[in-house]
Amino acid sequence: MRYIITRHQGAVDWLRSHGLDGEVRSALSESASFLQPGDEVIGVLPPSQLHRVMEKGAIPIVIQFPVGTPRGGEFTAEDMDRHGAMLMRFQMVVSCSCGRRPILGTIAPPCPMCGAAQVTQ
């Protein structure tokens with residue numbers, strides 16, 4: 001299943017103009033309980049949402065704009081093409097604050113390298 005997470009009709013139109021369709025939702029819920037392993041989730045996803053998607057075994061695909069693209073306005077599908085919008089797949093490694101030990105899951109013991117508590121978001 002493919003989910004499009006956005007409140008912006010221009011993003012939905014842009015994805016469809018590039019042959020991508022899916023169930024549109026305005027937000028990713030805290031539990032993201034609807035996600036199943038292998039689902040695709042497309043949207044402008046901050047790190048906390050990327051992590052939530054990946055915890056469910058789903059595939060995050062982020063709508064990204066080049067640096068310097070004006071922000072804060074509504075874009076049409078044509079605007080998104082003109083500004084160079086693209087889709088990017090990200091992989092994320094969550095680690096403790098020292099950066100030495102990856103966290104696999106949301107509950108982990110303190111880092112053996114620095115002793116810091118490990119918190120995921």
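The following questions and answers concern a predicted model of a protein.

Q: In what order do the elements of the protein run from the N terminus on?
A: The secondary structure of this predicted model comes to 3 helices and 5 strands. Read from the N terminus, these elements follow the order β-α-β-β-α-β-α-β.

Q: What percentage of the residues in the protein is buried?
A: A residue counts as buried when its relative accessible area is under 20%. The protein has 121 residues, and the buried share of them is 36%.

Q: Which residue that is not a glycine has a positive phi of about 50 degrees, and is it buried or exposed?
A: The residue is alanine 32, whose phi is positive at about 50 degrees although it is not a glycine. Alanine 32 belongs to the loop between strand E2 (23–25) and strand E3 (40–43). Its relative accessible area is 0%, which is under the 20% limit, so alanine 32 is buried.

Q: Which strands does the salt bridge between arginine 2 and glutamate 40 tie together?
A: The side chains of arginine 2 and glutamate 40 meet in a salt bridge with an N to O distance of 2.7 Å. The two residues lie in different elements, so the pair ties together parts that are 38 residues apart in sequence. Arginine 2 is partly exposed at 24% relative accessibility, and glutamate 40 is likewise partly exposed at 23%. The strands are E1 (residues 2–5) for arginine 2 and E3 for glutamate 40.

Q: How many residues apart in sequence are the parts that arginine 52 and glutamate 30 tie together?
A: Arginine 52 and glutamate 30 form a salt bridge in which the closest N and O atoms are 3.9 Å apart. Arginine 52 is in helix H2 (residues 47–55) and glutamate 30 is in the loop between E2 and E3, so the parts they tie together are separated in sequence by 22 residues.

Q: Which partner in the salt bridge of arginine 52 with glutamate 30 is buried, and which is exposed?
A: The limits are under 20% relative accessible area for buried and over 50% for exposed. Glutamate 30 has a value of 66%, so this residue is exposed. At 13%, the buried partner is arginine 52.

Q: How far apart are the closest N and O atoms of arginine 16 and aspartate 21?
A: A search of the whole structure finds 5 salt bridges, and one of them joins arginine 16 to aspartate 21. Both partners are partly exposed, arginine 16 at 41% relative accessibility and aspartate 21 at 42%. The closest N and O atoms of the pair are separated by 2.9 Å.

Q: What volume of space lies in the largest pocket?
A: The largest pocket is lined by 20 residues, and those nearest its centre are Thr6, His8, Ala11, Val44 and Phe65. By class, the lining has 11 nonpolar, 7 polar and 2 charged residues. The space in this pocket comes to about 480 Å³.

Q: What accessible area do Met86, Met88 and Phe90 have together?
A: These three residues form a nonpolar patch on the surface. One of them, methionine 88, lies in strand E5 (residues 86–89). Residues of a patch need over 30% relative accessible area, and methionine 88 is partly exposed at 32%. The accessible area of the three together is about 230 Å².

Q: What distance separates the C-alpha atoms of arginine 89 and isoleucine 63?
A: Arginine 89 is also placed in strand E5. Its relative accessibility is 62%, which is over the 50% limit, so arginine 89 counts as exposed. Arginine 89 and isoleucine 63 are 26 residues apart along the chain, and their C-alpha atoms are separated by 9.1 Å.

Q: What distance separates the C-alpha atoms of glycine 84 and glutamine 64?
A: Glycine 84 is in the loop between helix H3 (77–82) and E5. With 28% relative accessibility, glycine 84 counts as partly exposed. Along the chain, glycine 84 and glutamine 64 are 20 residues apart, and the distance between their C-alpha atoms is 8.6 Å.

Q: What distance separates the C-alpha atoms of leucine 45 and valine 62?
A: Leucine 45 is found in the loop between E3 and H2. This leucine is buried, with a relative accessible area of 6%. Leucine 45 and valine 62 are 17 residues apart along the chain, and their C-alpha atoms are separated by 6.0 Å.

Key: Residues are numbered from 1 along each chain as its sequence is written. This is a predicted model: local features need pLDDT of at least 70, side-chain atom pairs count only at pLDDT 80 or more; totals for chains, interfaces and linings use all residues. Side-chain values use heavy atoms; hydrogens and water are left out. On a 1 Å grid over the protein atoms alone, a cavity is a set of points where a 1.4 Å probe fits but cannot get out, and a pocket is an open set with protein on both sides within 12 Å along at least five of seven lines; lining residues have an atom within 4 Å of a point. Grid points are joined across faces, edges and corners, and a volume is the space filled by probe spheres set on the points. Ala, Val, Leu, Ile, Met, Phe, Trp, Tyr, Cys and Pro count as nonpolar, Asp, Glu, Lys and Arg as charged, and the others, Gly among them, as polar. Patches are made of residues with over 30% relative accessible area and no salt bridge: like charges are joined within 9 Å, nonpolar side chains (Val, Leu, Ile, Met, Phe, Trp, Tyr) within 5 Å. Accessible areas come from the Shrake-Rupley method with a 1.4 Å probe; for residues, only the protein chains shown count as cover. A salt bridge is a side-chain nitrogen of Lys or Arg within 4 Å of a carboxyl oxygen of Asp or Glu. Helices (H or I, at least four residues) and strands (E, at least two) are DSSP runs, numbered from the N terminus. Buried means under 20% relative accessible area, exposed over 50%, partly exposed in between (1.4 Å probe, protein chains only).
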